[in-house]
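Welcome, and thanks for taking a look at this one with me. Have the model open beside you, and let's walk through it together.

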Amino acid sequence: MAMFVLYEHAAGYGLFSVKEFEEIGMLLPQVEASILDMSRFNAIVKLVGFHPFKTAVAALNNVNAISEGLLPDDLSSFLDTTLPKAVKKKPVTLGVADAKLGAAIAEALNVQCSHIGAVPEILRGIRHHFAQMVKGFTDQSAAVAQLGLGHSYSRCKVKFNVHRSDNMIIQSIALLDQLDKDVNTFSMRIREWYSYHFPELSKIVPDNYMFAKVAHFIKDRKSLTDESVAGLEEILMDSEKAQSILDASRMSMGMDISVVDLLNIEMFAKRVIKLSDYRQQLSGYLHSKMNSVAPNLQALIGDQVGARLISKAGSLTNLAKFPASTVQILGAEKALFRALKTKSNTPKYGLLFNSSFIGRANAKNKGRISRFLANKCTIASRIDCFTETPSTVFGEALKGQVEERLKFYEQGETPRKNLEVMKEAIELAQQASVDKAKKQKKRKLEDTNGNATEQNGTGSNSAKKRKKAKLDESNGADANDSTLNGSTMLDTSSAPMDVSNGEGKKKKKKKNKNNAAEVAA
């Protein structure tokens, strides 16, 4: 059996032949010992061919293809020309580092590939002595090539991350959970702190956010008057509570507090109010991101539960790869392993417990509805992950199925079959896509017509202006010509008269001269 090993380096591809593969396979400790010795390793492994990358872009494209388990064209042509063909008596085996790349090579070139046995140790030796085995190659040039390719590959992965929208959702839900804890802690602190001064307010205003706003508005309870009722009513939206706060402030058992303490309480209450307002803004941001990334999952179980599932899975793609049984207990890993260790009952739900469907189900049906809901969440996440035109049609259909299943458990109503529901959802989705395409086409036509009318309007206006200018010029020229012609006409009309008179006078003079000459003669 002829054994060859493929080594992918940042500078190019190297193909090495391995001698005495059968003995090496049986004597792995000897291979490990001979790796560090160049002379011993070179007796076993020989360089057959080296294909360098022409440019850094070509190297990056090849590395991207190999990382995804694809066979690059450069590697395919290199192996096709360098690797000897297999014969019945002497089969050829190609050792590779990645099993996915080996499967791609075996499918494309019909070559037997292996990534186990002595192959990893041989690749380790090639990596150690690669600069010495390739002529004209040094450790410094190898380091430069590895550094450049590493930077470009990392930059490409960060820039073209397919989970970048998922990352925003993961960070948003993590910040939202942290803000909930912090706002609750701060609200408890402001309630305890201000209760030294006005203890009756805590019972009148149970809501933490409203309590912080009222405390910030009141400050010193002795400053409350009948005129302050309008401001309290504007905050609480309840006239009875505002009046009861005013009455309680006049009969309060709280201690007097200094101005400095009141100032600190006021500043802290302002911070709590701002944090609560920012929490609402962040919730709106999460809603918009979920609507654009996972609309069907959002329509099925809501913003926060869907975002927590994506965060726990790591990305929407990972969540789509999970089976329904994994999604059902996602978030209850500790309870699951504890149950497996103690051989007790496994948990029925994890993060899905926060969904309203499980809370509405009876105690005996919670496990059933959790399993059914996990199944629908898996379908919704796969639709969101792999669809090209996201919409909420399938999510609403799946939510209707869960509602029907709840009614079936409670009242015994037979739910519709999944096939019927999905057919209706597909028809609705197709109709929605057609309507959307029509709207886009109509909008484009309106835009083009608007631009054309604007162009025609400006063109007609400019043409009218040009025509008007030409008419003005022609009229002006005609007027000038008429004036000139009038003057010339007058001049010419008078000119012949003058000329005729002049000619008549000259003729008369000539006749007189002739007559005088005749007389003189």
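Here are some numbered points to guide a first look.

1. Please keep in mind that this is a predicted model. The protein chain has 521 residues, and 34% of them are buried. Its secondary structure consists of 23 helices and five strands.

2. For a sense of how the chain comes together, look at contacts between residues at least 6 apart in sequence: 65% of these join residues at least 24 apart. The accessible surface of the chain is about 32400 Å², with 55% of that area belonging to carbon and sulfur atoms.

3. A good pair of helices to find is α21 (residues 366–386) and α22 (residues 393–411), whose axes come within 10 Å and cross at roughly 170 degrees. Angles over 145 degrees count as roughly antiparallel, so α21 is roughly antiparallel to α22.

4. Which residues meet where α21 and α22 come into contact? From α21 you will find Arg368, Ile369, Phe372, Leu373, Lys376, Ile379, Ala380 and Ile383, and from α22 Phe394, Leu398, Gln401, Val402, Arg405, Leu406 and Tyr409. Sorted by character, the residues of this contact comprise 11 nonpolar, one polar and three charged.

5. Next, the salt bridges, of which the structure holds 13. One of them joins the side chains of glutamate 121 and arginine 124, at 2.9 Å from N to O. The two sit three residues apart in helix α7 (residues 119–133), so about one helical turn separates them. Is each partner buried or exposed? Glutamate 121 is buried, with a relative accessible area of 18%, while arginine 124 is partly exposed at 39%.

6. Another salt bridge pairs lysine 219 with glutamate 266, their closest N and O atoms being 3.8 Å apart. This pair links distant parts of the chain, 47 residues apart: lysine 219 lies in the loop between α11 (208–218) and α12 (229–236), and glutamate 266 belongs to helix α14 (residues 259–293). Lysine 219 counts as partly exposed at 34% relative accessibility, and glutamate 266 is also partly exposed, at 23%.

7. Further along, the side chains of glutamate 424 and arginine 416 form a salt bridge with an N to O distance of 3.0 Å. Glutamate 424 is partly exposed, with a relative accessible area of 40%, and arginine 416 is partly exposed at 37%. Elsewhere, Arg221, Lys222 and Asp256 are joined into one network by salt bridges that share partners.

Key. Residues are numbered from 1 along each chain as its sequence is written. This is a predicted model: local features need pLDDT of at least 70, side-chain atom pairs count only at pLDDT 80 or more; totals for chains, interfaces and linings use all residues. Side-chain values use heavy atoms; hydrogens and water are left out. Axes are lines fitted to C-alpha atoms, for helices over the stretch in contact, and angles run from 0 to 180 degrees between N-to-C directions. Helices (H or I, at least four residues) and strands (E, at least two) are DSSP runs, numbered from the N terminus. Angles under 35 degrees count as roughly parallel, over 145 as roughly antiparallel, 65 to 115 as roughly perpendicular and the rest as oblique. Contact means heavy atoms within 4.5 Å. Ala, Val, Leu, Ile, Met, Phe, Trp, Tyr, Cys and Pro count as nonpolar, Asp, Glu, Lys and Arg as charged, and the others, Gly among them, as polar. Buried means under 20% relative accessible area, exposed over 50%, partly exposed in between (1.4 Å probe, protein chains only). Accessible areas come from the Shrake-Rupley method with a 1.4 Å probe; for residues, only the protein chains shown count as cover. A salt bridge is a side-chain nitrogen of Lys or Arg within 4 Å of a carboxyl oxygen of Asp or Glu.
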